[in-house]
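Visitor: I've got a protein model open and no idea where to start. Could you walk me through it?

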Amino acid sequence: MAKKITISVPDDLHEKMAEWKSALNFSKVFQTAVANMIRKKEALRHRINEEIDLASIIDRLKREKMEFENNVVENGKKDGLEWSKTAHYRDIQYALSWHPDDKPDKDERLGDYFSQMLTAYSRKLSVTGRQAQKRLNELSRQYLDGWKEGVELFWNEVKDKL
């Protein structure tokens, strides 16, 4: 049994349809077009689910995500070590007691440094949208944790020699 539906068309298309009403069965045209679109979508879904090994792709992407996140921490650690090499004693002491917050670029002592670092870091990731921005904030937190760890590693190497 056929079901009736209503569709909307712009006024100019409606006028043209009225001209061709006797020559075209618009119901059949619509049915054929929708059936073809659904057939293409289902074929694509089938190829994705059956022909492509989705499980191995997901495993690969999980590994890449973990590597990427580990690199974020490692990059922060490396940058913290590099910063420590040229930082003043009082700045290092400040950084050791510093607790990263949501706005490190506004910090009274480290703000200029983090403003430059996080801007460059954000450009590398080039994210847009609310979810992506939330993810960037999480990655920034990981970077900052790595950065602080790098400062601590540096300090643990030099503190007994001072």
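## Patch, pocket and salt bridges

Guide: Sure! This is a predicted model, and a good place to begin is its nonpolar patch: helix H2 (26–51) and helix H3 (54–86) each supply at least two of the patch's residues.

Visitor: Which residues make the nonpolar surface patch, and what is its area?

Guide: Look for Leu-44, Ile-48, Ile-52, Leu-54 and Ile-58, which make the patch. Leu-54, for one, lies in helix H3. Together the five residues named make a patch of about 370 Å².

Visitor: Is Leu-54 buried, partly exposed or exposed?

Guide: Its relative accessible area is 34%. Buried means under 20% and exposed means over 50%, with partly exposed in between. So Leu-54 is partly exposed.

Visitor: Now the largest pocket: which helix gives the most to its lining?

Guide: That pocket holds about 390 Å³ of space. Of its 13 lining residues, the closest to its centre are Ile-5, Ile-7, Phe-26, Ser-27 and Phe-30. Two elements give two or more residues to the lining, helix H1 (11–20) and H2. With five residues, the one that gives the most is H2.

Visitor: Which class of residue, nonpolar, polar or charged, has nine members in that lining?

Guide: Two of the lining residues are polar and two are charged. The class with nine is nonpolar.

Visitor: On to salt bridges. How far apart are Glu-74 and Lys-77 along helix H3, in turns?

Guide: Their side chains meet in a salt bridge, with 3.2 Å from N to O. The two residues are three apart in helix H3, so the separation is about one helical turn.

Visitor: Which other residue forms a salt bridge with Lys-77, and where is that residue?

Guide: The partner is Glu-149, with the closest N and O atoms 3.2 Å apart. This pair links distant parts of the chain, since Lys-77 is in helix H3 and the two are 72 residues apart. Salt bridges with shared partners join Glu-74, Lys-77 and Glu-149 into one network. As for where to find Glu-149, go to helix H6 (residues 130–158).

Visitor: Which of Lys-78 and Asp-79 is buried?

Guide: These two form a salt bridge as well, with their closest N and O atoms 3.5 Å apart. Lys-78 has 47% relative accessibility, so it counts as partly exposed. The other residue is at 14%, which is under the 20% cut-off, so the buried one is Asp-79.

Methods. Residues are numbered from 1 along each chain as its sequence is written. This is a predicted model: local features need pLDDT of at least 70, side-chain atom pairs count only at pLDDT 80 or more; totals for chains, interfaces and linings use all residues. Side-chain values use heavy atoms; hydrogens and water are left out. Patches are made of residues with over 30% relative accessible area and no salt bridge: like charges are joined within 9 Å, nonpolar side chains (Val, Leu, Ile, Met, Phe, Trp, Tyr) within 5 Å. Accessible areas come from the Shrake-Rupley method with a 1.4 Å probe; for residues, only the protein chains shown count as cover. A salt bridge is a side-chain nitrogen of Lys or Arg within 4 Å of a carboxyl oxygen of Asp or Glu. Helices (H or I, at least four residues) and strands (E, at least two) are DSSP runs, numbered from the N terminus. Buried means under 20% relative accessible area, exposed over 50%, partly exposed in between (1.4 Å probe, protein chains only). On a 1 Å grid over the protein atoms alone, a cavity is a set of points where a 1.4 Å probe fits but cannot get out, and a pocket is an open set with protein on both sides within 12 Å along at least five of seven lines; lining residues have an atom within 4 Å of a point. Grid points are joined across faces, edges and corners, and a volume is the space filled by probe spheres set on the points. Ala, Val, Leu, Ile, Met, Phe, Trp, Tyr, Cys and Pro count as nonpolar, Asp, Glu, Lys and Arg as charged, and the others, Gly among them, as polar.
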